[in-house]
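Student: I get lost when I look at a whole model at once. Could you pick one part, go through it slowly, and then show me how the rest connects to it?

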Number of protein chains: 2
Amino acid sequence: MDNTFIRALNGKPTEYTPCWFMRQAGRFLPEYRAIRSNYSDFFEFCADVEKAIEVTYLPIRELKVDAAILFSDLLVPLIPYKNLKVSIVETKGPIIELKGKLAELDKLLEPYDVEKELSYVGKIVKGFKKKYKNTPLIGFCGAPFTVLSYIVEGGSSKSFQKTKEFIYKNEKNYRNVMENLTNILIKFAVFQLQCGADAFQIFDSWVGTLSPEDYREFVFEYNQRLIEELKKKVDKPIIYFSTGTSGMLNTIKELNADCISIDWRISLKDAVKTIGSERVIQGNLDPVALFMDREKLKKRVDEILLAGLSAKAHIFNLGHGILPPTDPETVKWLVKYIHEKSRDLRSSLMD
Amino acid sequence: MDNTFIRALNGKPTEYTPCWFMRQAGRFLPEYRAIRSNYSDFFEFCADVEKAIEVTYLPIRELKVDAAILFSDLLVPLIPYKNLKVSIVETKGPIIELKGKLAELDKLLEPYDVEKELSYVGKIVKGFKKKYKNTPLIGFCGAPFTVLSYIVEGGSSKSFQKTKEFIYKNEKNYRNVMENLTNILIKFAVFQLQCGADAFQIFDSWVGTLSPEDYREFVFEYNQRLIEELKKKVDKPIIYFSTGTSGMLNTIKELNADCISIDWRISLKDAVKTIGSERVIQGNLDPVALFMDREKLKKRVDEILLAGLSAKAHIFNLGHGILPPTDPETVKWLVKYIHEKSRDLRSSLMD
């Protein structure tokens, strides 16, 4: 597939900086909310193939972003585990109930047949690519640590105390579970890519709660294996995303992902310095910056676009998901601005 | 005052690495919980001069740490503001109710007489230093941004969306409020130091939610003014503490604080590299690491102690407050271990 987003992700020069936004199909779009209101259960929505295709395409149509991302959820690969009950409560976020003791978690997560249990994800990917073959589609999954943290915490967390205690006090159990989750996630990712996804993003959203030492000792190898198995089986570009990891980019850069996605807690310039200019970088506007007035916002975007030119290639994104109260008009304006401004920057640097 | 903690804080060589822990007087100690149970209102406890002196000394007696920190709370300087109602709900954390509109916050926070309204804090400091004159006492306050975030969010937060929106959309109002808070905090800090506190820590606990660009544009000047006014009025060493700021230590190092306290999200070694070896550093064990078995914990502590020797001086601490379920026996053991190990490291480096 030849497209600006894919070219940038492969480290090739592009005429402008491509962009997409995490959670771009989500609650900030009135069109999304209208469709969402037909489902009492969020996961029922995720499994409705036709509607999932429709909302996956929504930001392409409405915002003119350069790539679509599969409409789904990090928790989807947890649903088939018989000993987990996964639900999303509108005001509280995700709730994961474990049937059994945490100390026996490695025995409670029985591997399942990904292509059978999550067949609807494959149908969404295939259906999307059949309908919109020229639109690049990003598949995704959570990274093993982040997925594990939902299980151990029973949902979201601020301190991740339970997850860390689980690692420190039950290391063997922890490693068995991580092996299990990594295997399932590899199958899930390969499945999405074989069904036609053009690129893949691994969301390690909560790994920034760890120290660099913990990341190195307890997390790195699972992420690396996930990435390497993917590269071996389906040769398509991979993005590794995390937040709060400014102090461990030195370790993260050793992952064999094609692109490293960073959050706003470090300047893109400093991140490129640490990660190296031979790597594709993605990021890194603070989602709340979309509430700034446009002149202020332009300044921040300009800094990011300029710094991005010092990387091998740059994909503009937010540092985390777009917030529900964001004004869609601002986002539409922003996509246009990023495209225009990044073209201008390239030509002024050529002069 | 000549003492290992104070010498280190002043950048002088010491025979061992001194240590203390944030929230060291708190809920993890059974002796503290016994006293706390006599008060339904937490702030009533903070204002009970005799009891506050007692719990301030508790960790010196029980844990043998090298410094005491005033028993109080970041929210104490908000209590006298007539248009704020500040309370702490045991299960929910702090709740701050604003009587009036956020858009008029700068008019709602009328300056008050610190020495009168917070006279009990002065009495605790004086009383402590009278009773324990050889024990170094750290006074403290929240940094202006962190204190403001409690007011705007109405308590704790995960995303700090309201605070950022307030800054972006009401910059003039924001700057007026920050001026007001900075002035009050300067008076509060000077008051504590003049009453006899030997050092001072500024807690910028939540500033890591910002981008380095936001920190530079909206926060830096208030912290710098707070520090500089303190240094001008009372020449005692100042520690600047923050969390989640690994990506902005480049900016933070420009603050004129004597010591920079960092969290566990960056290795101490990398932090010293960024901040420079001509600065005193404090940190940086993950509070959850205290749940590790001792052999694992030793390894992490050793790395920190060794890295600390590359700084001008090092004060061992956690990256944030000690957690309530921490075993006091582990903490006692840790203090002894830090003292012994850091002596050994110094002599082995001399050989």
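**Starting at the axis**

Tutor: Let's begin with Ser246(B): of the residues of chain B, its C-alpha comes closest to the rotation axis, at 2.8 Å. Keep in mind that this is a predicted model, where local features need pLDDT of at least 70, side-chain atom pairs count only at pLDDT 80 or more, and totals for chains, interfaces and linings use all residues. As for bookkeeping, residues are numbered from 1 along each chain as its sequence is written, chains are lettered from A and ligands numbered from 1 in the order in which they are written, and side-chain values use heavy atoms, with hydrogens and water left out.

What does the axis do? A turn of 180 degrees, with a shift of 0.0 Å along the axis, lays chain B on chain A with an RMSD of 0.0 Å (a least-squares fit on the C-alpha atoms of residues with pLDDT of at least 70 in both copies). That is how a two-fold axis relates its copies. The interface fits the picture too: 100% of the interface residues of chain B are also interface residues in chain A, so the copies meet through the same surface.

Now step into chain A and look at its sheet. Seven strands (DSSP E runs of at least two residues; helices are H or I runs of at least four, and both are numbered from the N terminus) make an open sheet with parallel pairing, in the order S1-S4-S5-S6-S7-S8-S9. At the edges you'll find strand S1 (68-69) and strand S9 (313-318) of chain A, each pairing on one side only. Helix H14 (residues 294-308) of chain A packs on this sheet and touches S8 and S9 of chain A (contact means heavy atoms within 4.5 Å).

Zoom in on strand S8 (residues 280-285) of chain A: its parallel pairing with strand S7 (residues 259-261) of chain A runs over three bridges (pairing takes at least two bridges found by DSSP). One spot to find is Ile260(A), whose bridge partner in S8(A) is Ile281(A). Strand S8 of chain A also holds Asn284(A), and a cis peptide bond with omega of about -5 degrees joins Gly283(A) to Asn284(A). Swing over to chain B and you'll meet a cis peptide bond between Gly283(B) and Asn284(B), with omega about -5 degrees; Asn284(B) sits in strand S8 (residues 280-285) of chain B.

While you're in chain B, look for a hairpin: it joins S2(B) to S3(B) through three residues. Strand S2 (residues 84-89) of chain B and strand S3 (residues 93-98) of chain B pair in the antiparallel sense over six bridges, and Lys85(B) stands opposite Glu97(B) in S3(B).

Last stop: two loop residues back in chain A. Arg23(A) lies in the loop between helix H1 (4-9) and helix H2 (30-36) of chain A, and its phi is near 60 degrees, a positive value in a residue other than glycine. Arg23(A) is exposed, with a relative accessible area of 60% (exposed means over 50%, buried under 20%, partly exposed in between, using a 1.4 Å probe and protein chains only). Lys64(A) also has a positive phi, near 65 degrees, without being a glycine. You'll spot Lys64(A) in the loop between helix H4 (49-63) and S1 of chain A, and at 55% relative accessibility it counts as exposed. Following the chain on from that loop brings you to S1, an edge strand of the sheet in chain A.

Methods: Axes are lines fitted to C-alpha atoms, for helices over the stretch in contact, and angles run from 0 to 180 degrees between N-to-C directions.
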